[in-house]
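Trainee: Please take one part of this model and examine it closely. I should then like to see how that part connects with its surroundings, in a single continuous account.

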Amino acid sequence: MSTFRLLRAALLSFIIYHLSLSPAGAQSVAGLFPLEGCGRVVYNFNEGWRFLLGDAEGAESPAFNDSAWPVVCAPHTARLEPADVSGCRNYQGVCWYRKLFVVPDEMAGKRISLHFEAVMGKQQVFVNGLLVGEHEGGYLPIIIDLTEQGVKAGDSCLIALRADNSDDKSYPPGKKQSQLDFAYHAGMYRDVWLIGRSPIHITDPLERNQVAGGGIFLHYDNISDRSADIFIDVELSNTLPQRKSITLEATIRDANGQVVKTIRNTTAVARSSSAGSQPEGRKNYTLYTLHYKLNAPHLWTPETPYLYNVELRVMDGRHCIDGGMVRMGIRKAEFRGRDGFWLNGQPYHQLVGANRHQDFAYVGNALPNSQQWRDAKRLKDAGFTIIRAAHYPQDPSFMDACDELGLFVIVPTPG
(Lines give C-alpha, C1' and ligand atoms only; values in the text may rest on other atoms or scores of the structure.)
Protein backbone atom coordinates (compact mmCIF):
# COMPACT_ATOMS: atom_id res chain seq x y z
CA MET A 1 0.00 0.00 0.00
CA SER A 2 1.31 3.48 -0.85
CA THR A 3 2.26 6.02 1.83
CA PHE A 4 -0.67 8.20 0.75
CA ARG A 5 -3.14 5.34 1.16
CA LEU A 6 -1.68 4.44 4.56
CA LEU A 7 -2.02 8.03 5.73
CA ARG A 8 -5.55 8.24 4.36
CA ALA A 9 -6.52 4.98 6.09
CA ALA A 10 -4.98 6.16 9.36
CA LEU A 11 -6.79 9.50 9.14
CA LEU A 12 -10.09 7.78 8.36
CA SER A 13 -9.64 5.44 11.32
CA PHE A 14 -8.91 8.43 13.55
CA ILE A 15 -12.02 10.28 12.35
CA ILE A 16 -14.26 7.22 12.73
CA TYR A 17 -12.89 6.52 16.21
CA HIS A 18 -13.56 10.03 17.44
CA LEU A 19 -16.95 10.23 15.77
CA SER A 20 -17.95 7.02 17.50
CA LEU A 21 -16.77 8.21 20.91
CA SER A 22 -17.56 11.92 20.84
CA PRO A 23 -20.47 13.17 22.98
CA ALA A 24 -23.75 13.80 21.15
CA GLY A 25 -24.29 17.16 19.47
CA ALA A 26 -27.35 19.40 19.35
CA GLN A 27 -29.94 16.70 18.81
CA SER A 28 -32.18 14.90 21.22
CA VAL A 29 -31.05 11.54 22.58
CA ALA A 30 -33.65 9.28 24.18
CA GLY A 31 -35.98 12.27 24.54
CA LEU A 32 -33.45 14.69 26.03
CA PHE A 33 -31.10 17.23 24.50
CA PRO A 34 -27.69 16.71 26.14
CA LEU A 35 -26.88 19.26 28.85
CA GLU A 36 -23.22 19.97 29.53
CA GLY A 37 -22.02 19.09 33.01
CA CYS A 38 -25.22 17.30 34.00
CA GLY A 39 -23.55 13.97 34.85
CA ARG A 40 -25.20 11.96 32.06
CA VAL A 41 -22.72 10.46 29.58
CA VAL A 42 -23.85 10.03 25.96
CA TYR A 43 -21.75 8.51 23.18
CA ASN A 44 -22.61 8.23 19.51
CA PHE A 45 -22.57 4.48 18.88
CA ASN A 46 -23.26 4.53 15.13
CA GLU A 47 -19.79 3.60 13.85
CA GLY A 48 -17.89 0.36 13.59
CA TRP A 49 -20.56 -2.32 13.12
CA ARG A 50 -19.76 -5.51 11.22
CA PHE A 51 -22.66 -6.41 8.92
CA LEU A 52 -23.98 -9.49 7.15
CA LEU A 53 -26.88 -9.57 4.69
CA GLY A 54 -28.36 -12.99 5.43
CA ASP A 55 -28.30 -15.42 8.33
CA ALA A 56 -25.32 -17.09 10.01
CA GLU A 57 -25.41 -19.82 12.63
CA GLY A 58 -23.59 -18.88 15.82
CA ALA A 59 -23.16 -15.19 14.88
CA GLU A 60 -24.12 -14.16 18.42
CA SER A 61 -21.01 -15.83 19.89
CA PRO A 62 -17.89 -13.84 20.84
CA ALA A 63 -15.89 -16.66 19.21
CA PHE A 64 -17.57 -16.18 15.85
CA ASN A 65 -15.22 -14.89 13.14
CA ASP A 66 -16.76 -11.83 11.47
CA SER A 67 -13.53 -10.48 9.94
CA ALA A 68 -14.89 -10.98 6.41
CA TRP A 69 -18.00 -8.91 7.14
CA PRO A 70 -17.88 -5.29 5.90
CA VAL A 71 -17.82 -2.46 8.45
CA VAL A 72 -20.85 -0.15 8.30
CA CYS A 73 -22.33 2.69 10.30
CA ALA A 74 -25.87 3.63 11.26
CA PRO A 75 -28.19 4.89 9.94
CA HIS A 76 -27.77 1.83 7.73
CA THR A 77 -29.93 0.12 5.15
CA ALA A 78 -29.45 -3.60 4.65
CA ARG A 79 -29.23 -3.17 0.88
CA LEU A 80 -29.10 -0.21 -1.47
CA GLU A 81 -32.31 -0.37 -3.47
CA PRO A 82 -33.48 0.97 -6.83
CA ALA A 83 -35.12 4.37 -6.78
CA ASP A 84 -38.48 2.64 -7.13
CA VAL A 85 -38.99 -0.48 -5.05
CA SER A 86 -42.70 -0.94 -5.73
CA GLY A 87 -43.66 -4.53 -6.38
CA CYS A 88 -41.84 -5.73 -3.25
CA ARG A 89 -38.37 -5.53 -4.73
CA ASN A 90 -36.81 -4.33 -1.47
CA TYR A 91 -34.87 -6.89 0.55
CA GLN A 92 -36.85 -8.89 3.09
CA GLY A 93 -35.15 -11.35 5.39
CA VAL A 94 -32.47 -11.69 8.06
CA CYS A 95 -29.42 -9.50 8.58
CA TRP A 96 -26.83 -9.33 11.38
CA TYR A 97 -24.86 -6.55 13.08
CA ARG A 98 -21.92 -7.12 15.46
CA LYS A 99 -19.79 -4.66 17.41
CA LEU A 100 -16.91 -5.37 19.77
CA PHE A 101 -15.92 -2.43 21.97
CA VAL A 102 -14.36 -1.49 25.29
CA VAL A 103 -16.70 0.36 27.65
CA PRO A 104 -15.26 3.88 28.20
CA ASP A 105 -13.73 4.66 31.60
CA GLU A 106 -16.13 7.62 31.82
CA MET A 107 -18.91 5.09 32.44
CA ALA A 108 -17.46 4.14 35.86
CA GLY A 109 -20.21 4.16 38.48
CA LYS A 110 -22.92 4.69 35.85
CA ARG A 111 -25.84 2.54 34.81
CA ILE A 112 -24.98 1.74 31.20
CA SER A 113 -27.56 1.21 28.48
CA LEU A 114 -27.74 0.86 24.71
CA HIS A 115 -30.44 2.84 22.91
CA PHE A 116 -31.30 1.78 19.35
CA GLU A 117 -33.68 4.41 17.95
CA ALA A 118 -35.17 1.79 15.61
CA VAL A 119 -34.25 -1.38 13.74
CA MET A 120 -36.66 -2.73 11.18
CA GLY A 121 -38.71 -5.83 11.81
CA LYS A 122 -38.17 -8.39 14.53
CA GLN A 123 -34.96 -8.19 16.54
CA GLN A 124 -32.88 -10.26 18.94
CA VAL A 125 -30.06 -8.56 20.88
CA PHE A 126 -27.16 -10.55 22.34
CA VAL A 127 -24.56 -9.33 24.84
CA ASN A 128 -21.39 -11.42 24.98
CA GLY A 129 -23.26 -14.31 23.39
CA LEU A 130 -26.33 -14.23 25.65
CA LEU A 131 -29.80 -13.31 24.39
CA VAL A 132 -30.82 -10.29 26.51
CA GLY A 133 -33.65 -8.68 24.56
CA GLU A 134 -36.26 -9.31 21.88
CA HIS A 135 -38.34 -6.67 20.15
CA GLU A 136 -41.08 -6.72 17.54
CA GLY A 137 -41.72 -3.72 15.30
CA GLY A 138 -39.52 -1.36 13.37
CA TYR A 139 -40.55 2.10 14.53
CA LEU A 140 -39.76 2.42 18.25
CA PRO A 141 -36.53 2.20 20.26
CA ILE A 142 -34.91 -0.91 21.66
CA ILE A 143 -33.27 -0.30 25.05
CA ILE A 144 -30.77 -2.74 26.55
CA ASP A 145 -29.58 -2.26 30.15
CA LEU A 146 -25.96 -3.43 30.01
CA THR A 147 -25.50 -2.96 33.76
CA GLU A 148 -28.08 -5.67 34.35
CA GLN A 149 -25.83 -7.95 32.29
CA GLY A 150 -22.86 -7.20 34.55
CA VAL A 151 -21.13 -4.92 32.02
CA LYS A 152 -19.03 -2.14 33.54
CA ALA A 153 -16.42 0.46 32.57
CA GLY A 154 -13.26 -1.05 31.10
CA ASP A 155 -14.93 -4.30 30.03
CA SER A 156 -14.65 -5.69 26.53
CA CYS A 157 -18.18 -6.23 25.27
CA LEU A 158 -19.68 -7.79 22.15
CA ILE A 159 -23.08 -6.64 20.94
CA ALA A 160 -24.75 -8.80 18.28
CA LEU A 161 -28.11 -7.97 16.75
CA ARG A 162 -30.18 -10.20 14.48
CA ALA A 163 -32.93 -8.39 12.56
CA ASP A 164 -35.61 -9.82 10.29
CA ASN A 165 -38.05 -7.70 8.26
CA SER A 166 -39.88 -10.64 6.67
CA ASP A 167 -43.66 -10.49 6.43
CA ASP A 168 -45.13 -11.18 9.87
CA LYS A 169 -48.74 -10.49 10.87
CA SER A 170 -47.94 -10.62 14.61
CA TYR A 171 -46.61 -7.05 14.76
CA PRO A 172 -47.21 -3.77 12.85
CA PRO A 173 -47.63 -3.09 10.05
CA GLY A 174 -48.95 -6.66 10.02
CA LYS A 175 -49.85 -6.85 6.37
CA LYS A 176 -47.64 -8.43 3.75
CA GLN A 177 -45.31 -6.07 1.93
CA SER A 178 -47.28 -6.79 -1.27
CA GLN A 179 -50.44 -5.36 0.32
CA LEU A 180 -48.92 -2.04 1.41
CA ASP A 181 -48.36 1.23 -0.41
CA PHE A 182 -44.98 1.71 1.29
CA ALA A 183 -41.88 -0.35 1.97
CA TYR A 184 -40.37 -1.28 5.30
CA HIS A 185 -36.68 -1.54 4.51
CA ALA A 186 -34.38 -3.82 6.50
CA GLY A 187 -31.56 -2.57 8.68
CA MET A 188 -30.39 -0.54 11.68
CA TYR A 189 -31.78 2.56 10.05
CA ARG A 190 -31.74 5.10 12.91
CA ASP A 191 -29.10 6.25 15.40
CA VAL A 192 -27.61 4.13 18.18
CA TRP A 193 -26.47 5.63 21.51
CA LEU A 194 -24.44 4.40 24.48
CA ILE A 195 -25.76 6.13 27.60
CA GLY A 196 -24.41 6.25 31.15
CA ARG A 197 -26.65 7.48 33.97
CA SER A 198 -26.21 7.91 37.70
CA PRO A 199 -27.80 5.29 39.98
CA ILE A 200 -30.34 8.08 40.64
CA HIS A 201 -31.58 9.32 37.27
CA ILE A 202 -34.48 10.53 35.16
CA THR A 203 -36.23 7.50 33.72
CA ASP A 204 -36.78 6.72 30.06
CA PRO A 205 -40.53 6.40 29.34
CA LEU A 206 -40.09 3.50 26.91
CA GLU A 207 -37.72 1.63 29.19
CA ARG A 208 -40.16 2.28 32.05
CA ASN A 209 -42.97 0.71 29.99
CA GLN A 210 -45.86 2.16 32.00
CA VAL A 211 -48.91 3.76 30.39
CA ALA A 212 -48.70 7.57 30.76
CA GLY A 213 -45.61 7.15 32.91
CA GLY A 214 -41.86 7.61 32.95
CA GLY A 215 -39.48 10.35 31.90
CA ILE A 216 -40.50 13.99 31.63
CA PHE A 217 -43.97 15.31 30.82
CA LEU A 218 -44.58 19.03 30.20
CA HIS A 219 -48.17 20.19 30.33
CA TYR A 220 -49.97 23.51 30.67
CA ASP A 221 -53.21 24.97 31.99
CA ASN A 222 -55.00 28.33 31.99
CA ILE A 223 -53.23 29.34 28.78
CA SER A 224 -53.66 32.90 27.49
CA ASP A 225 -51.43 35.69 26.24
CA ARG A 226 -51.44 37.02 29.81
CA SER A 227 -50.19 33.91 31.64
CA ALA A 228 -49.89 30.14 31.58
CA ASP A 229 -49.49 27.54 34.32
CA ILE A 230 -46.57 25.25 33.54
CA PHE A 231 -46.27 21.80 35.08
CA ILE A 232 -43.11 19.71 34.78
CA ASP A 233 -43.57 16.08 35.78
CA VAL A 234 -40.29 14.21 36.28
CA GLU A 235 -39.93 10.57 37.28
CA LEU A 236 -36.71 9.53 39.02
CA SER A 237 -35.31 6.06 39.55
CA ASN A 238 -33.14 5.14 42.51
CA THR A 239 -31.15 1.90 42.27
CA LEU A 240 -29.15 2.55 45.44
CA PRO A 241 -29.89 0.54 48.60
CA GLN A 242 -30.31 3.72 50.66
CA ARG A 243 -32.72 6.65 50.74
CA LYS A 244 -31.12 9.75 49.23
CA SER A 245 -31.85 13.47 49.53
CA ILE A 246 -31.60 15.27 46.17
CA THR A 247 -32.71 18.57 44.65
CA LEU A 248 -34.67 18.51 41.41
CA GLU A 249 -33.97 21.74 39.53
CA ALA A 250 -35.67 23.13 36.41
CA THR A 251 -34.33 26.24 34.68
CA ILE A 252 -36.60 27.79 32.04
CA ARG A 253 -34.82 29.85 29.38
CA ASP A 254 -36.35 31.99 26.65
CA ALA A 255 -35.41 31.74 22.98
CA ASN A 256 -32.48 34.12 23.57
CA GLY A 257 -31.04 31.94 26.32
CA GLN A 258 -32.04 34.28 29.15
CA VAL A 259 -33.18 32.66 32.40
CA VAL A 260 -36.91 33.12 32.97
CA LYS A 261 -37.16 31.13 36.19
CA THR A 262 -35.36 28.43 38.14
CA ILE A 263 -37.58 26.12 40.19
CA ARG A 264 -36.19 23.77 42.83
CA ASN A 265 -37.64 20.97 44.90
CA THR A 266 -35.51 19.27 47.54
CA THR A 267 -36.80 15.87 48.50
CA ALA A 268 -35.78 12.38 49.50
CA VAL A 269 -35.77 9.69 46.82
CA ALA A 270 -36.94 6.35 48.18
CA ARG A 271 -34.32 3.61 48.32
CA SER A 272 -34.38 0.56 46.09
CA SER A 273 -36.12 -2.54 47.35
CA SER A 274 -34.29 -5.70 48.41
CA ALA A 275 -31.47 -6.68 46.12
CA GLY A 276 -32.43 -8.63 43.04
CA SER A 277 -30.53 -9.54 39.92
CA GLN A 278 -29.41 -5.96 39.41
CA PRO A 279 -26.10 -4.96 40.98
CA GLU A 280 -27.63 -2.10 43.01
CA GLY A 281 -30.92 -3.84 43.76
CA ARG A 282 -34.38 -3.36 42.29
CA LYS A 283 -35.22 0.04 40.87
CA ASN A 284 -37.60 2.31 42.72
CA TYR A 285 -39.55 5.07 40.96
CA THR A 286 -40.78 8.39 42.30
CA LEU A 287 -42.75 11.07 40.42
CA TYR A 288 -42.21 14.76 41.15
CA THR A 289 -44.10 17.79 39.79
CA LEU A 290 -42.71 21.31 39.52
CA HIS A 291 -45.11 24.22 38.88
CA TYR A 292 -44.62 27.79 37.70
CA LYS A 293 -47.00 30.53 36.52
CA LEU A 294 -45.37 32.20 33.51
CA ASN A 295 -46.53 35.74 32.84
CA ALA A 296 -46.90 37.06 29.27
CA PRO A 297 -45.84 33.78 27.63
CA HIS A 298 -44.76 33.59 24.02
CA LEU A 299 -47.29 31.14 22.57
CA TRP A 300 -46.34 28.57 19.94
CA THR A 301 -48.01 28.74 16.53
CA PRO A 302 -46.95 27.48 13.09
CA GLU A 303 -46.27 31.11 12.14
CA THR A 304 -44.30 31.88 15.31
CA PRO A 305 -42.95 28.53 16.62
CA TYR A 306 -41.53 29.93 19.85
CA LEU A 307 -39.68 27.39 21.99
CA TYR A 308 -38.47 27.74 25.54
CA ASN A 309 -35.66 25.51 26.81
CA VAL A 310 -36.24 23.68 30.09
CA GLU A 311 -32.99 22.46 31.65
CA LEU A 312 -33.50 19.70 34.20
CA ARG A 313 -30.85 18.79 36.74
CA VAL A 314 -30.80 16.21 39.51
CA MET A 315 -28.51 17.71 42.16
CA ASP A 316 -26.68 15.84 44.92
CA GLY A 317 -25.54 18.81 46.96
CA ARG A 318 -23.62 21.02 44.53
CA HIS A 319 -23.02 18.20 42.04
CA CYS A 320 -25.31 17.49 39.12
CA ILE A 321 -25.68 13.71 38.80
CA ASP A 322 -28.21 13.52 35.94
CA GLY A 323 -30.19 15.77 33.65
CA GLY A 324 -30.92 17.04 30.20
CA MET A 325 -32.89 19.65 28.31
CA VAL A 326 -36.35 19.55 26.75
CA ARG A 327 -37.96 22.19 24.53
CA MET A 328 -41.30 23.73 25.46
CA GLY A 329 -43.84 25.14 23.02
CA ILE A 330 -46.81 26.55 24.95
CA ARG A 331 -50.08 26.33 23.02
CA LYS A 332 -53.76 25.53 23.49
CA ALA A 333 -55.35 23.39 20.79
CA GLU A 334 -59.13 22.87 20.63
CA PHE A 335 -61.66 21.33 18.28
CA ARG A 336 -64.94 23.22 18.71
CA GLY A 337 -67.36 21.18 16.62
CA ARG A 338 -68.85 23.28 13.83
CA ASP A 339 -66.53 26.15 14.74
CA GLY A 340 -63.56 24.02 13.72
CA PHE A 341 -60.04 24.11 15.07
CA TRP A 342 -58.95 26.85 17.51
CA LEU A 343 -55.38 27.66 18.51
CA ASN A 344 -54.56 29.76 21.57
CA GLY A 345 -58.15 30.94 21.90
CA GLN A 346 -58.54 32.01 18.27
CA PRO A 347 -60.04 30.25 15.22
CA TYR A 348 -57.27 28.78 13.10
CA HIS A 349 -58.12 27.95 9.49
CA GLN A 350 -54.61 27.46 8.11
CA LEU A 351 -54.38 23.68 8.59
CA VAL A 352 -52.81 22.68 5.28
CA GLY A 353 -51.59 19.09 5.49
CA ALA A 354 -49.47 16.45 3.82
CA ASN A 355 -48.44 12.84 4.40
CA ARG A 356 -44.77 12.10 4.92
CA HIS A 357 -43.14 8.69 4.54
CA GLN A 358 -39.68 7.84 5.89
CA ASP A 359 -38.42 5.84 2.89
CA PHE A 360 -36.16 7.26 0.20
CA ALA A 361 -34.57 6.24 -3.05
CA TYR A 362 -31.56 3.93 -2.70
CA VAL A 363 -31.05 4.27 1.10
CA GLY A 364 -34.51 3.10 2.11
CA ASN A 365 -35.32 4.33 5.63
CA ALA A 366 -31.70 5.14 6.53
CA LEU A 367 -31.74 8.93 6.34
CA PRO A 368 -29.30 10.99 8.47
CA ASN A 369 -30.63 13.56 10.93
CA SER A 370 -29.64 16.53 8.76
CA GLN A 371 -31.83 15.21 5.95
CA GLN A 372 -34.72 14.57 8.30
CA TRP A 373 -34.54 18.29 9.15
CA ARG A 374 -34.31 19.14 5.45
CA ASP A 375 -37.52 17.26 4.71
CA ALA A 376 -39.39 19.14 7.45
CA LYS A 377 -38.02 22.43 6.08
CA ARG A 378 -39.18 21.57 2.56
CA LEU A 379 -42.68 20.80 3.81
CA LYS A 380 -42.79 24.04 5.78
CA ASP A 381 -41.50 26.08 2.82
CA ALA A 382 -44.18 24.52 0.61
CA GLY A 383 -46.87 26.05 2.84
CA PHE A 384 -47.86 23.08 5.00
CA THR A 385 -48.72 23.52 8.68
CA ILE A 386 -49.65 19.96 9.66
CA ILE A 387 -47.99 16.64 8.77
CA ARG A 388 -49.40 13.14 9.03
CA ALA A 389 -46.45 10.86 9.80
CA ALA A 390 -47.58 8.05 7.53
CA HIS A 391 -48.04 5.48 8.95
CA TYR A 392 -45.86 5.21 12.05
CA PRO A 393 -43.69 7.07 14.60
CA GLN A 394 -40.84 8.71 12.72
CA ASP A 395 -37.28 9.72 13.50
CA PRO A 396 -36.82 11.88 16.64
CA SER A 397 -34.86 14.42 14.58
CA PHE A 398 -37.84 14.88 12.23
CA MET A 399 -40.13 15.46 15.22
CA ASP A 400 -37.64 17.92 16.72
CA ALA A 401 -37.54 19.79 13.40
CA CYS A 402 -41.33 20.06 13.32
CA ASP A 403 -41.32 21.66 16.78
CA GLU A 404 -38.65 24.10 15.68
CA LEU A 405 -40.06 25.00 12.26
CA GLY A 406 -43.73 25.20 13.20
CA LEU A 407 -45.46 22.01 12.06
CA PHE A 408 -48.23 20.14 13.82
CA VAL A 409 -47.74 16.37 13.60
CA ILE A 410 -50.26 13.51 13.67
CA VAL A 411 -48.50 10.28 14.63
CA PRO A 412 -50.54 7.21 13.66
CA THR A 413 -50.19 3.81 15.27
CA PRO A 414 -48.55 1.58 12.63
CA GLY A 415 -50.85 -0.98 11.06
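Mentor: N209 is exposed, because its relative accessibility is 69% and the cut-off for that class is over 50%. The model is a predicted one. In it, the phi of N209 is near 60°, which is a positive value in a residue other than glycine. The residue belongs to the loop that runs between α2 and β12. Both of those flanking elements, α2 (205-208) and β12 (216-221), give two or more residues to the lining of the largest pocket.

The helix before N209 also takes part in a second empty space. The search of the whole structure returns one cavity of 30 Å³ or more, and the largest cavity has a volume of about 60 Å³. Its lining consists of R197, H201, T203, D204, E207, R208, S237, K283 and Y285. Within that list, E207 and R208 fall inside the range of α2, and R197 falls inside that of β10 (192-197). Elements α2 and β10 therefore have a part in the walls of the cavity as well as in those of the pocket.

The pocket itself has a volume of about 1,700 Å³. Its lining comprises 50 residues, and those nearest its centre are G31, I216, M399, D400 and D403. I216 stands at the start of β12, the strand on the far end of the loop that holds N209. Besides α2, β10 and β12, the elements that supply two or more residues are β5 (111-116), β18 (319-328), β19, α4 and β24 (408-410). G31 comes directly after A30, whose phi is near 50° and thus gives a further positive value outside glycine. A30 lies in the loop between α1 (3-21) and β1 (41-44). A30 is partly exposed, at a relative accessible area of 23%, whereas N209 is exposed.

Helix α4 leads from the pocket to a neighbouring helix. M399, D400 and D403 lie within the range of α4 (396-405), and α4 is among the elements that cover the buried residues of α3. The others named in that cover are β22 (353-356) and β23 (386-389). For α3 (residues 369-381), 13 residues at 1.5 Å a residue should span 18 Å, and the end C-alpha atoms are indeed 18 Å apart. The buried residues of the helix are N369, Q372, D375, A376 and L379. Viewed down the axis, these residues fall within an arc of 115°, so they line one face of the helix. An α-helix has 3.6 residues a turn, so residues three or four places apart point the same way. The exposed residues R378 and D381 are on the other side of α3. After the helix comes G383, with a positive phi near 105°. Further along, in the loop between β23 and α4, is H391; the peptide bond from A390 to H391 is cis, with omega near -5°. A second cis bond joins P172 to P173, with omega near 5°. P173 is located in the loop between β9 (156-164) and β10, the latter being one of the strands of the pocket lining.

Two more pocket elements, β18 and β19, extend the picture into sheets. Strand β18 runs antiparallel to β17, and nine bridges join them. One facing pair here is M315 and C320 of β18. The hairpin of the two strands has two residues between them, and G317 takes a positive phi near 65°. Strand β17 (residues 308-316) is mostly covered, with seven of its nine residues buried. It also pairs with β14 (residues 244-253), in the antiparallel sense and over seven bridges, and A250 stands opposite L312 there.

Strand β19 belongs to an open sheet of three strands, ordered β19-β20-β21 with antiparallel pairing. Each of β19 (333-335) and β21 (346-347) has a single partner strand and stands at an edge, so one side of each is left without a neighbour in the sheet. Strand β20 (residues 341-343) meets β21 over two bridges, and L343 stands opposite Q346.

Notes
Residues are numbered from 1 along each chain as its sequence is written. This is a predicted model: local features need pLDDT of at least 70, side-chain atom pairs count only at pLDDT 80 or more; totals for chains, interfaces and linings use all residues. Side-chain values use heavy atoms; hydrogens and water are left out. Two strands pair if DSSP finds at least two bridges between them. Helices (H or I, at least four residues) and strands (E, at least two) are DSSP runs, numbered from the N terminus. The expected span of a helix is 1.5 Å times one less than its number of residues. Buried means under 20% relative accessible area, exposed over 50%, partly exposed in between (1.4 Å probe, protein chains only). The arc is that of the directions from the helix axis to the C-beta atoms. Contact means heavy atoms within 4.5 Å. On a 1 Å grid over the protein atoms alone, a cavity is a set of points where a 1.4 Å probe fits but cannot get out, and a pocket is an open set with protein on both sides within 12 Å along at least five of seven lines; lining residues have an atom within 4 Å of a point. Grid points are joined across faces, edges and corners, and a volume is the space filled by probe spheres set on the points.
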